[in-house]
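Hi,

Here is the structure I said I would pass on. Have a look at it first, and my notes on what turned up follow below.

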Amino acid sequence: MVEHRKVVIIGSGPAGLTAAIYAARAQLEPLVIEGEPSSNSDQPGGQLMLTTEVENYPGFVDGVMGPELMGIMRSQAIRFGAELRTAKVSRLELASPTPFPLWIGDPNADEPTVEADALIIATGARSLMLGCANEDRLLGYGVSTCATCDGFFFREQHIAVAGGGDSALEEAIFLTRFASKVTVVHRRDELRASKIMQERAFKNPKIEFLWNSVIVDILGDTKVSGITIQHTTSAETFDLPVTGLFVAIGHEPNSGLLKGQLDLEDNGYVRTIGRSTRTSVDGVFACGDVQDSYYRQAVTSAGSGCMAAIDAERWLEEHDE
Amino acid sequence: MSEKIVTLSDATFDEHVKGSDVPVLVDFWAEWCGPCKMISPVLEEIAEEHAGKIQIGKLNIDDNLEVTRRFDVMSIPTLILFKDGEPEVRLIGAKPKGQLLQEISAYL
């Protein structure tokens, strides 16, 4: 018999785990399908697993380490009875009337793994890659998506960071602990990052900026030896000798499984209705970065996770027969 | 940590890896690496489930720079599978259990 749940939550970042805490406290015995290990931020615990100090999450006067914060949220969800499963959903069907069938593992299996009366989607977003030549080949040999993992290997070396948002500057500042020089390559002439991060980066003597510049190639046989940079207005190119490249150019929502099943925005984010977490499919709710391309903060994700659990709880009450 | 997993160091690496009758899967890791922590329970499971066929070893890169440099590790977690002391498979980044097992299936 197919396992049946009142609430299934897909994803385990701040949104998914907050939804789990609220749903568990509402006695809905939620199952959280938390994802599987990876190094590109689509993983159990979400993007905060790849960060260091989180300074703006309320309640932590002296800041808290990202992985530690996620460990605390996880324990809190488990304490109230949420069940977490380390797995990825391979297929789901949102067209049928509720319950919604979900598959883990073989997507072509006759029977789904679990079915859910209400579904909360909190699959988050993952890092975008540059898509330039040699990026895949040199990933792990100087190209990295995780400064906290790999910064250590670049002591006293000149490295580059691609991007201009908060994540890019956070990585650049973190990397100055190891590197002798960090060049931030940004495609525009101003930064998206918050004022406080900008000030810190501009003040840091190890950080320099290359404006209106994009990386068009990564050089090196067995490891990175440089990058080819093109100026966006003059189209002139030159090679910058660096031994490492950290990519932090933004994120895309993990909404691939949902394509064609519920309404997405043009940029792939899940469309929610009004001020709620309701989606175009009755009984399916979305929270966190998979539906938010604007605020994208741990605390706003957690807030929308709470909303999704409350929306799901009320929806279940209304549909209880 | 599972007693089936061996802790390696610069001093003991060659002895363990070259002297092993079975392939050794070495996990290059560090305390401060989030994805390393994520794959740790996966490696514990593999060590238990495939005991006798494969040896799992953990090498803390902070404390063991010589071996880390010898194999040009520049990203963690990196897993390297050694057979008869020679590196045969190299896996970079955290991966789900199924994918890990698939990549080393020829050695199990």
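A:Phe246 has 0% relative accessibility, so it counts as buried (under 20% relative accessible area; over 50% is exposed and anything in between is partly exposed, using a 1.4 Å probe and protein chains only). A:Phe154 is buried too, with 1% relative accessibility. Before I go on: this is a predicted model, so local features need pLDDT of at least 70 and side-chain atom pairs count only at pLDDT 80 or more, while totals for chains, interfaces and linings use all residues. Residues are numbered from 1 along each chain as its sequence is written, chains are lettered from A and ligands numbered from 1 in the order in which they are written, and side-chain values use heavy atoms, with hydrogens and water left out.

Back to the rings. Searching the whole structure gives 13 aromatic pairs over all chains. The ring centres of A:Phe154 and A:Phe246 are 5.5 Å apart and the planes sit at 80°, so this pair is edge-to-face. (Rings of Phe, Tyr and Trp, the last by its six-membered ring, pair if their centres lie within 6.5 Å; planes under 30 degrees apart count as stacked, over 60 as edge-to-face and the rest as tilted.) A:Phe154 is in the loop between α3 (147–150) and β11 (158–162) of chain A, and A:Phe246 is in strand β17 (residues 244–247) of chain A, so the pair ties together parts that are 92 residues apart in sequence. (Helices, H or I with at least four residues, and strands, E with at least two, are DSSP runs numbered from the N terminus.)

A:Tyr294 and A:Tyr295 also form an edge-to-face pair, because their ring centres are 4.8 Å apart and their planes are at 85°. Both A:Tyr294 and A:Tyr295 are exposed. Ring pairs also join A:Phe152 and A:Phe153 to B:Trp32 in a cluster.

Next, the charges. There are 20 salt bridges over all chains, where a salt bridge is a side-chain nitrogen of Lys or Arg within 4 Å of a carboxyl oxygen of Asp or Glu. Some of them:

- A:Glu93 and A:Arg91 meet at 2.6 Å, N to O. A:Glu93 is partly exposed at 30% relative accessibility, and A:Arg91 is partly exposed at 26%.
- B:Lys18 and B:Asp14 meet at 3.9 Å, N to O. They are 4 residues apart in helix α1 (residues 13–18) of chain B, so about one helical turn separates them. B:Lys18 is exposed at 52%, whereas B:Asp14 is partly exposed at 30%.
- B:Glu31 and B:Lys37 meet at 3.8 Å, N to O. B:Glu31 is partly exposed at 46%, and B:Lys37 is partly exposed at 48%.
- A:Glu3, A:Arg5, A:Glu83 and A:Arg85 are linked in a network of salt bridges.

One acid you may want to look at is A:Glu135, in the loop between β9 (125–127) and β10 (143–144) of chain A. What is the nearest side chain of opposite charge to A:Glu135? That is A:Arg137, 12 Å away, and A:Glu135 is buried with no salt bridge. (Lys and Arg count as positive and Asp and Glu as negative; His and the chain ends are not counted.) A polar atom of the A:Glu135 side chain does lie 2.7 Å from the backbone nitrogen of A:Gly131. Leaving out residues up to four places away in sequence, A:Glu135 touches A:Met129, A:Leu130, A:Val143, A:Ile218 and A:Val247, contact meaning heavy atoms within 4.5 Å.

A:Glu317, in helix α6 of chain A, is exposed, with a relative accessible area of 56%. Its C-alpha is 49 Å from that of A:Leu139, and the two residues are 178 apart in sequence.

Last, helix α1 (residues 14–25) of chain A. Of its 12 residues, 10 are buried, so the rest of the structure largely encloses α1(A). Among the buried ones are A:Leu17, A:Ile21 and A:Ala24. The buried residues of α1(A) pack against β1 (3–10), β2 (31–33), α2 (66–79), β5 (83–85), β8 (114–121) and α6 (298–318) of chain A. Just past α1(A), A:Gln27 has a positive phi of about 65°.

Cheers

Conventions:
Polar contact = N/O pair within 3.5 Å; in protein donor to acceptor, adjacent residues only side chain to side chain.
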